[in-house]
Amino acid sequence: RGLAKPAGPRSVRQLREAEEATPVFQYAGKAAKRKDRVFVWGFCYSGALGVPSFVKPDVGWKKPRRIQPTPYRLETEEKVGPGAAAVLSRQGTVSTGDPPLSVPVNLGRFLLSALKDGYEYVLEPSPIPLPLEKPQQTRVLQVSCGRAHSLILTDSEGVFTMGNNSYGQCGRKVVEDETYSESHLIHQLKEFDSRVVQVVCGQDHSLFRTKKGTVYACGWGADGQTGLGHYNITSVPTKLRGDIAGVNIIQVSSYGDCCLAVSDEGDVFGWGNSEYLQFASVTETTQVNVPRHLPFKIGKIKEAACGGTGNIVLTEEGNVFVWGYGILGKGPNLTETAVPEMIPPSLFGWSDFNPDIRVAHVRCGLSQFAALTNRGELFVWGKNLRGCLGTGRMEDQYFPWRVTVPGEVVDVACGVDHMVSMVKSFT
Amino acid sequence: PRGGGAQGRHCRPTPTLVSVTVRGPRFRRLKIGAGHRLDVKASGVFVLGIGHGNKLLTDLYNCHLTKVYTVGGLFGKATDDFSDTGKLVEKTTFDHITREKLERILAVIQGTNHKALLMHSNIDMKTQEAYELAVKGLIRPMGKSPPIITAIRCLQLALPEFQLEIHCLHETQQYLRKIVHEIGLELKSSAVCTQVRRIRDGVFTVDDALLRTQWNLQSIQNAIWDCQLKVKRELEKTLG
């Protein structure tokens, strides 16, 4: 006979021994770093999301997807750098990455490309070779896209422009009857008074902000968006005067035909289209072609963003003010205002339980607004064009609504019908 | 001894039997109803209604007030029923967890639950009225809904133990244990729940609650008397 005892209920000592003997798994070490991720959502058929299988499915069971209503992770082979900012255009997405030689670019429709073969739709992030003198050292700092042109800012070699130049928005002389659709002409701009630190594209014009705080503009000017005192096109970047002469500007923003600039003392200046009451507080005219100071008594302004018909500013205390026309974010009753209205902080998660939530950044799309809090949450509101808000529903959103993203949102950029966000994972 | 019997009570003591006659109402049957459930492994405030108070219990249920729990957890273990008395499934390391990472996860949980709060409240988001209520923070589901956490924060973190304070609606204690388990997973480790204690149920807090030693008639009467005003005011405010 054997000496084995029958198996009864295990005693506490046996359980404790079994527990101590189990192996311990390690999923993350002490030095585990947070990963950078990119999430996209919105209209897919323009290829702006960078996922080819949405338009042309690679596997039989997948169906083409017209709209991606919730954030979808974009997998890129190259690491998207920590300082990368994704800036969107009308129908294309351009993002900067680590390799300075090529700019991983995902172009959508109408963005007349600088690629060799001249694609009409580019469905995946593809690199663009820039004619750099020192390709190993120069880094791409920022990218901006307009309706049909884009600007690329590098740290030591000036600004590169490409795309449509029919109004001089690329900063070079307008050539009559030039075809832009398969052109891969990249023009380099170096003649500014100091190093350019920010480039902004409006619909058909370009703005450059230099380190000294001056602003240069070129391109279409029929609404006064070049701010040079006339309504003609300009094909050479020219310095702006008016109320911003001598003022140190720290941020410029534009999207459609309206432009805003923020000075280091917290004042905001505007020029361009005012058909939607953007500058109705200072003038009755619908076009302002010289920068004017907007005397709003809302506190020191930290950041401003222009949308197609509405504008949004962020003050030092973390309050958000909106004005203009459209869905401004204060319910369905407020559709237009010439004077900035504050959006209550309780809509961004502020409460007695969390008193230190502040809005850190504001961004604008064509008819949408986005706000990022210091906790890494993203709030969107505005017209939900083809699912661009990312809420999961197709209805317009009349007050700030949270977008559920699996990570801490670091930056977001809005296009016409899609959005791209840079996200850091939690752990 | 016999004789000299006074009117009323008769008391005839014998060595084996004493019979006493008593006057007054008799407590034969007492209707006691329970408020929100509290399971066996949890502790804390448990609301009961006596007699006519049962009707108030239904009204309090329809007010949909939040409950506050103190939940204690332990990192490093994962069990099948999410508490420390269950069968061990896995052991993991937890030395990479910092307070900052935990706060980030809690902020996200709060954010998604706030969104669920707005969605289950059955108010049309396109109206001006919805906007006004959202600004004041008064939107809450007034009917059936899945469990929602309205606020969550970390009271202390001393690896491997931690303690959270959770304000929630329509929840069960097992759901709170599951949340602790999921926090562990999100932090790339694992966690079990060691303690669930309800410290507030609507208007009743731990200070109003009676301890085991105070389960006698006088204390119960005093407690009911003290809470009456609070309950009436809350019912008027919410149900109108």
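Select B:Lys77 first. In this predicted model, B:Lys77 is buried, with a relative accessible area of 13%. The cut-off for buried is under 20%. Now add A:Glu19. Its relative accessible area is 30%, so A:Glu19 counts as partly exposed. The two side chains meet in a salt bridge, 3.7 Å from N to O. Colour by chain here: A:Glu19 sits in helix 1 (residues 12-21) of chain A and B:Lys77 in strand 5 (residues 77-79) of chain B, so this pair joins two chains.

**The interface**

Show both sides of the contact between the chains. On chain A, 37 residues are in contact with 35 residues of chain B. The two chains bury about 3500 Å² between them, and 61% of that is on carbon and sulfur atoms. Pick A:Phe353, A:Phe426 and A:Thr427. These supply 21% of the area that chain A buries against chain B, more than any other three residues.

Turn on polar interactions. Two salt bridges are found across this interface. Eleven residue pairs are in polar contact across it, both residues at pLDDT 80 or more. Now look at the elements on the chain A side. Helix 1, strand 1 (24-25) and strand 27 (397-403) each give two or more residues to the side that touches chain B. Strand 27 gives the most, with four residues.

Next, select A:Arg34, A:Glu408, B:Glu100 and B:Arg104. A network of salt bridges links these four.

**Within chain A**

Move to A:Arg147 and A:Asp204. They form a salt bridge, with the closest N and O atoms 3.2 Å apart. A:Arg147 lies in the loop between strand 8 (140-145) and strand 9 (149-154), and A:Asp204 in the loop between strand 12 (196-201) and strand 13 (205-210), so the pair ties together parts 57 residues apart in sequence. A:Arg147 is partly exposed, at 31% relative accessibility. A:Asp204 is buried, with a relative accessible area of 9%.

**Within chain B**

Select B:Asp201 and B:Arg198. Their salt bridge has its closest N and O atoms 3.9 Å apart. Both residues are buried. For the wider view, a search of the whole structure finds 24 salt bridges over all chains.

Last, switch to a surface and go to B:Phe27. This residue is in the segment before strand 1 (32-34) of chain B. Its relative accessibility is 68%, so B:Phe27 counts as exposed. Extend the selection to B:Leu30, B:Ile32, B:Phe46, B:Leu48, B:Ile50 and B:Ile224. With B:Phe27 they form a nonpolar surface patch, with about 720 Å² of accessible area together.

Methods:
Residues are numbered from 1 along each chain as its sequence is written. Chains are lettered from A and ligands numbered from 1 in the order in which they are written. This is a predicted model: local features need pLDDT of at least 70, side-chain atom pairs count only at pLDDT 80 or more; totals for chains, interfaces and linings use all residues. Side-chain values use heavy atoms; hydrogens and water are left out. Patches are made of residues with over 30% relative accessible area and no salt bridge: like charges are joined within 9 Å, nonpolar side chains (Val, Leu, Ile, Met, Phe, Trp, Tyr) within 5 Å. Accessible areas come from the Shrake-Rupley method with a 1.4 Å probe; for residues, only the protein chains shown count as cover. Buried means under 20% relative accessible area, exposed over 50%, partly exposed in between (1.4 Å probe, protein chains only). Contact means heavy atoms within 4.5 Å. Buried area is the accessible area (1.4 Å probe) that two parts lose on being put together, summed over both. A polar contact is a pair of N or O atoms within 3.5 Å; within protein, one must be able to donate a hydrogen and the other to accept it, and residues adjacent in sequence count only if both atoms are side-chain atoms.
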